[in-house]
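Please open the model in your viewer and keep the sequence panel beside it, since this tour moves from one selection to the next.

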Amino acid sequence: MRIATTIFLTDETIRPDRLARELEQRGFGGLYLPEHTHIPAARETPAPMGEPLPREYGRTLDPFVALGQAAAVTERLGLGTGITLVTQHDPVALAKQIATLDHLSGGRFTFGIGYGWNVEEAADHGVEWSTRRELTRDRVALMRALWADEPTAYKGEFGSVRASFAYPKPVNGAPRTLLGGAAGPKLFGHIAEYGDGWLPIGGRGLSEAIPALRRVWEDAGRPGEPVVVPYAVRPTPGKLAHYQELGLREVVLQLPPAGEAEVLRTLDDFAQYL
């Protein structure tokens, strides 16, 4: 099972290039980064992880810039977002960012998608909260039109793009796309419609959820099985053994949003799972 990591990289933590080198040298499989463009000070939305909102949420580095730096100093390390807030991006520009990162890294990028929790943050980007899931789906479809081999037009409910020359292309046509969110028919339906799998935070309840996801996947006529990657996991030997019994091939462990010394100590501890 591939052991990847995630961390809230900020202006106060270990640098992405330093962390990426250490991860690859130690044999870890990947680095996934979260995204918040900003956290409005007058926030009414309760933080799902509990209050007060941890300091690092308002200080995160841009994940694509940080992953670009990580890509430049590694050769094998997987790179991903956990997650990208698609609704908070111009989809034409985001398609270019993703394609460039995937091209320059040799196809190492995983596109983790999330629908968000912070209503005020999304509102500053002009997002209508009630339609954010539909907007996300629409923007992903638009990006895939730009990633197509031949100039391809797209006209959706929320946006459109003319048939265009858009290079570079992602290495394999489109990067692996994993959707984050809580288990349920709505999320599983979206995964089966336009995703490659699921990025469940913490990994609880997977024994019941994975069969349900697979049924939705099969009913949608998708071949094979959806990828499931437990995310931001606080590891124990028993927990990782359980994931292996479920047939999972990758897990993403949570690193502390800390300076170099503390992060490297944590990597030393996580080495037991490699």
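A pocket, as the word is used on this tour, is an open set of grid points with protein on both sides within 12 Å along at least five of seven lines, and its lining residues are those with an atom within 4 Å of a point. Keep in mind throughout that this is a predicted model.

**Stop one: the second largest pocket.** Select R176, R214, E225, P226, V227, V228, V229, L246, G247, L248, R249 and E250, which together line the second largest pocket. The volume of this pocket is about 180 Å³, and its lining divides into 6 nonpolar, 1 polar and 5 charged residues. Leave E250 selected, because residues 250-254 form strand β11, as strands are taken here from DSSP runs.

**Stop two: strand β1 and its neighbours.** From β11, move to strand β1, with which β11 pairs in the parallel sense over 5 bridges. If you select T6 in β1, you will find that its bridge partner in β11 is Q254, while in strand β2 T6 stands opposite Y32. Strand β2 covers residues 30-33 and runs parallel to β1, the two being joined by 3 bridges. Now add helix α1, residues 16-26, to the selection, and you have a right-handed β-α-β unit made of β1, α1 and β2.

Why can β1 be called largely enclosed by the rest of the structure? Of the 5 residues in this strand, residues 2-6, 4 are buried, so the rest of the structure largely encloses it; buried here means under 20% relative accessible area.

**Stop three: G82.** Keep Y32 in view and select G82, which lies in the loop between β3 (78-81) and β4 (84-85). Leaving aside residues up to four places away in sequence, G82 touches Y32, L33, P34, L199 and Y231. Is G82 buried or exposed? Its relative accessible area is 9%, so G82 is buried. For a distance to check in the viewer, take L53, which is 29 residues from G82 in sequence and 18 Å from it in space, C-alpha to C-alpha.

**Stop four: the largest pocket.** Finally, select P48, M49, Y57, W117 and I201, the residues that lie nearest the centre of the largest pocket, among the 36 that line it. About 1,000 Å³ of space lies in this pocket, and by class its lining has 21 nonpolar, 10 polar and 5 charged residues.

Terms used
Residues are numbered from 1 along each chain as its sequence is written. This is a predicted model: local features need pLDDT of at least 70, side-chain atom pairs count only at pLDDT 80 or more; totals for chains, interfaces and linings use all residues. Side-chain values use heavy atoms; hydrogens and water are left out. Buried means under 20% relative accessible area, exposed over 50%, partly exposed in between (1.4 Å probe, protein chains only). Helices (H or I, at least four residues) and strands (E, at least two) are DSSP runs, numbered from the N terminus. Two strands pair if DSSP finds at least two bridges between them. A crossover is right-handed if, with the strands pointing away from the viewer, the path from the first strand over the helix to the second runs clockwise. On a 1 Å grid over the protein atoms alone, a cavity is a set of points where a 1.4 Å probe fits but cannot get out, and a pocket is an open set with protein on both sides within 12 Å along at least five of seven lines; lining residues have an atom within 4 Å of a point. Grid points are joined across faces, edges and corners, and a volume is the space filled by probe spheres set on the points. Ala, Val, Leu, Ile, Met, Phe, Trp, Tyr, Cys and Pro count as nonpolar, Asp, Glu, Lys and Arg as charged, and the others, Gly among them, as polar. Contact means heavy atoms within 4.5 Å.
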